[in-house]
Amino acid sequence: MDEVTSTETSPSSNQEVPNDESSLWQYVTKVEKPAGASVKSGGNTYFKCNYCGVVYMGSYSRVKAHLLKIPNKGIKPCPKVTPSHRLEMQQMYDKVENDKLERERRSQIPLPPPPPGRGPIPISQFRRHERSDSTNPIDGKRRKVAVNNTLEKAYQNNARHELDSTIARMFYTAGLPFNFARNPYYRNSYAYAATHSIPGYVPPGYNALRTTLLQKERAHVEGLLKPIKDFWLENGVSIVSDGWSDPQRRPLINIMAVSDGGPVFIKAIDGSGEFKDKHYIAGVLKDAIKEIGHEKVVQVITDNASVMKAVGSLIETKNTEKNEVTYEECSWITRIGDDASFIRVFIMNHSMRLAMFNEFCPLKLLQVADTRFASVVVMLKRLKLIKRCLQAMAISDQWASYREDDVGKAQKVKDLILSDLWWDNVDYILEFTAPIYDMLRMADTDKPCLHLMYEMWDSMIEKVKAVIYRHEGLADDQHCLFWSVVYDILIDRWTKNCTPLHCLAHSLNPKYYSIEWLSENPKRVAPHRDYEISMERSKCLDRYFEDGNELSVVKFEFAAFSGGRFPSPAALTDRWILQPLVWWQYHGTLFPTLQTLALKLLGQPCSSSCAERNWSTYKFIHSLKRNKMAPARADDLVYVHSNLRLLSRRNEEYIHTATKMWDIGGDSWNESDIHGGAGILESATLTLDEPELEAIVIGNVSTSATTSESEVRSEVRSESIDLDDEDVGI
């Protein structure tokens with residue numbers, strides 16, 4: 001170990017600027033040789049780590065081993081490098097290495113190998129003499145042809161064409177989607193084979209792919225996930241669980257760990273032969289907590305399990321009168337939804353009507369399952385978008401002249417499409433459900449939003465009330481029965497889903513104490529002045545801090561934090577400017593105990609959507625074609641598949657290279673579809689199955705319901721794709 005403990009070193013005047021192939025030099029400082037150090041040859045230099053401040057001697061390889069904590073390299077790993085800095089440096093180093101390999105691949109032109117079993121063909125003296133005769137015109141033509149053949153052989157055009165045909169044949173015979181050609185691992189495998197001479201190489205076979213290579217890749221993925229898991233102790237993690245049945249009807253329980261680093265698939269448990277009551281489910285979740293580490297787990301998120309339906313039935317029997325009022329006030333919404341479904345089914349089930357629809361409208365009607373996210377709202381939004389197209393079709397000569405199908409149903413469809421009252425009801429539904437829809441879409445992601453939910457619910461309820469009262473023409477102090485019913489539904493749902501963690505996370509958001517936020521609405525109060533939030537926060541703190549001394553400390557720290565008693569004026573102004581997590585990282589040292597808690601809570605999601613979406617992956621892996629696959633092997637495949645997608649999306653190449661968004665969509669997805677507006681997201685997934693795609697696809701593009709037919713044809717042409725879960729993520 002060439003470690004020098006002397007700190008009396010000075011930076012070299014010719015500090016090396018990091019270049020493309022030695023990017024880690026910027027994290028150390030070159031220094032002069034310390035006094036008394038032994039002289040060693042070999043071109044090694046002395047450098048001082050910018051993190052730990054210790055001076056070492058070595059080359060760039062030792063700098064890399066020290067900063068990236070690579071063992072057995074003759075140098076001690078740096079103890080001061082945080083997991084986040086290490087991840088940043090590792091990504092920088094990997095990018096440099098990949099760029100280097102890519103440059104080498106592009107600079108090399110493979111030359112044709114000699115014929116099998118033969119070396120270079122010697123040239124006889126006679127042929128040498130003949131080639132030196134430049135006056136022979138026939139020989140000149142021969143040389144020209146020979147030069148062309150040599151150039152063609154150098155580029156191996158015939159071999160390239162043959163390889164292209166072989167690869168295409170593989171796609172055609174195996175039924176692979178063409179979207180697979182954008183898979184970066186598919187492209188990298190052929191690039192690696194082209195730049196490395198591996199004589200006699202045979203691709204891995206059936207048994208190797210399903211056994212040894214699968215286990216090796218799982219171990220490799222676990223190593224790649226280590227930087228993400230290293231953050232869990234500091235920032236906390238949420239366990240998300242959901243249930244599903246595979247093609248053989250075996251019950252499976254999905255376990256995922258979600259943090260600000262993304263959703264990590266942990267395992268899928270086969271529940272065959274088990275009675276899945278509350279005790280069994282609790283045991284499964286306890287085992288997951290133990291595997292991850294109880295000190296890292298902040299919360300457990302599940303769906304509405306079937307064991308809770310009995311409780312729901314008991315509640316319904318005590319609220320018969322209330323349910324009758326709710327039905328009377330909201331039944332018109334059901335009728336509008338049924339009418340919209342009737343229009344869609346009639347057009348889709350009659351080929352001639354569907355041909356008329358396709359002639360007048362470039363967009364497809366959506367077939368939305370009732371169990372999907374906001375299915376009625378999604379269907380009504382699509383009908384509103386194509387309203388002008390539907391009306392043009394209904395008043396056309398083709399619609400009136402065709403009478404081969406049910407004339408009565410056709411007339412009903414026409415009456416609905418041309419009814420201004422019906423469309424007014426559609427607009428009203430979409431208008432007052434828009435705040436609910438937007439809030440749920442925001443919550444139905446893997447992003448940290450636990451600390452935003454309380455305020456999002458409050459704001460959503462106020463927006464819904466404003467829309468209903470404006471439509472009914474009522475003042476704020478007047479009673480509205482419809483609003484009372486909607487309000488009770490929303491409050492019942494919030495009461496069912498709200499936990500003390502929501503209130504505690506809300507209380508730790510610095511933004512909600514700022515003057516700017518409080519002044520936006522006169523009804524707003526700071527979290528420490530809200531009775532409900534304060535009571536739930538106290539419950540959470542009492543449960544989290546079992547030690548009385550720690551609880552007293554955190555109470556004093558929260559009092560100082562909520563009262564704005566900061567030594568730095570910047571801490572007050574930054575409450576509105578900075579993101580909550582950034583504020584706690586920068587100013588949170590004033591409240592160390594509270595800071596530790598805040599860093600964990602402010603990085604958590606509030607939805608089990610990632611576990612539900614993962615069944616699409618599991619369904620893709622364990623399909624009807626693979627119905628004999630053992631659950632253990634399917635678990636390994638899903639683990640590798642899901643987590644490689646997660647790691648791929650954290651790379652800049654996922655957005656800016658030829659493999660852009662390789663795991664989204666399918667053969668119908670095209671890069672030009674990016675400008676298609678929000679509808680492409682709805683037709684591709686109908687939920688936030690791919691929330692990362694929303695920002696790229698939607699951006700600032702919005703399509704109004706009053707858009708003319710020509711504009712719909714020209715600007716939203718790409719929305720006519722139709723994907724399902726099997727296509728997503730291939």
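**Exercise 1. Place Asp99 and Lys95 in the secondary structure, then describe their contact.**

Step 1. Start with the helix: Asp99 and Lys95 both belong to α2 (residues 83-107). They sit 4 residues apart, about one turn of the helix.

Step 2. Now check the side chains. In this predicted model, Asp99 and Lys95 meet in a salt bridge, with an N to O distance of 3.2 Å. The cut-off for a salt bridge is 4 Å, so a pair within it counts.

Step 3. Add the exposure. Asp99 has a relative accessible area of 30% and is partly exposed. Lys95 is partly exposed too, at 47%.

**Exercise 2. Is Arg218 buried or exposed, and is Glu222 buried or partly exposed?**

Step 1. Recall the limits. Buried means under 20% relative accessible area; exposed means over 50%; partly exposed lies in between.

Step 2. Apply them to Arg218. Its relative accessible area is 14%, so Arg218 is buried.

Step 3. Apply them to Glu222. Its value is 36%, so Glu222 is partly exposed.

Step 4. Link the two. Glu222 forms a salt bridge with Arg218, and the closest N and O atoms are 3.6 Å apart. Both residues lie in helix α8 (residues 212-230). They are 4 residues apart, so about one helical turn separates them.

**Exercise 3. Characterise the salt bridge between Glu536 and Lys539.**

Step 1. Take the distance. The side chains of Glu536 and Lys539 meet at 3.4 Å, N to O.

Step 2. Take the spacing. Helix α23 (residues 531-544) holds both residues, 3 apart, about one turn of the helix.

Step 3. Take the accessibility. Lys539 has 48% relative accessibility and counts as partly exposed.

**Exercise 4. How many salt bridges does the structure hold, and which residues are linked in a network with Arg524?**

Step 1. Give the total. The structure holds 10 salt bridges.

Step 2. Name the network. Salt bridges link Arg524 with Glu455 and Glu520.

**Exercise 5. Why is helix α1 described as largely enclosed?**

Step 1. Count the buried residues. Helix α1 covers residues 60-67, and 6 of its 8 residues are buried.

Step 2. Name them. They are Tyr60, Val63, Lys64, Ala65, His66 and Leu67.

Step 3. Draw the conclusion. Because 6 of the 8 residues are buried, α1 is largely enclosed by the rest of the structure.

Step 4. Look just past the helix. Lys69, just after α1, takes a positive phi of about 60°.

Methods. Residues are numbered from 1 along each chain as its sequence is written. This is a predicted model: local features need pLDDT of at least 70, side-chain atom pairs count only at pLDDT 80 or more; totals for chains, interfaces and linings use all residues. Side-chain values use heavy atoms; hydrogens and water are left out. Helices (H or I, at least four residues) and strands (E, at least two) are DSSP runs, numbered from the N terminus. Buried means under 20% relative accessible area, exposed over 50%, partly exposed in between (1.4 Å probe, protein chains only).
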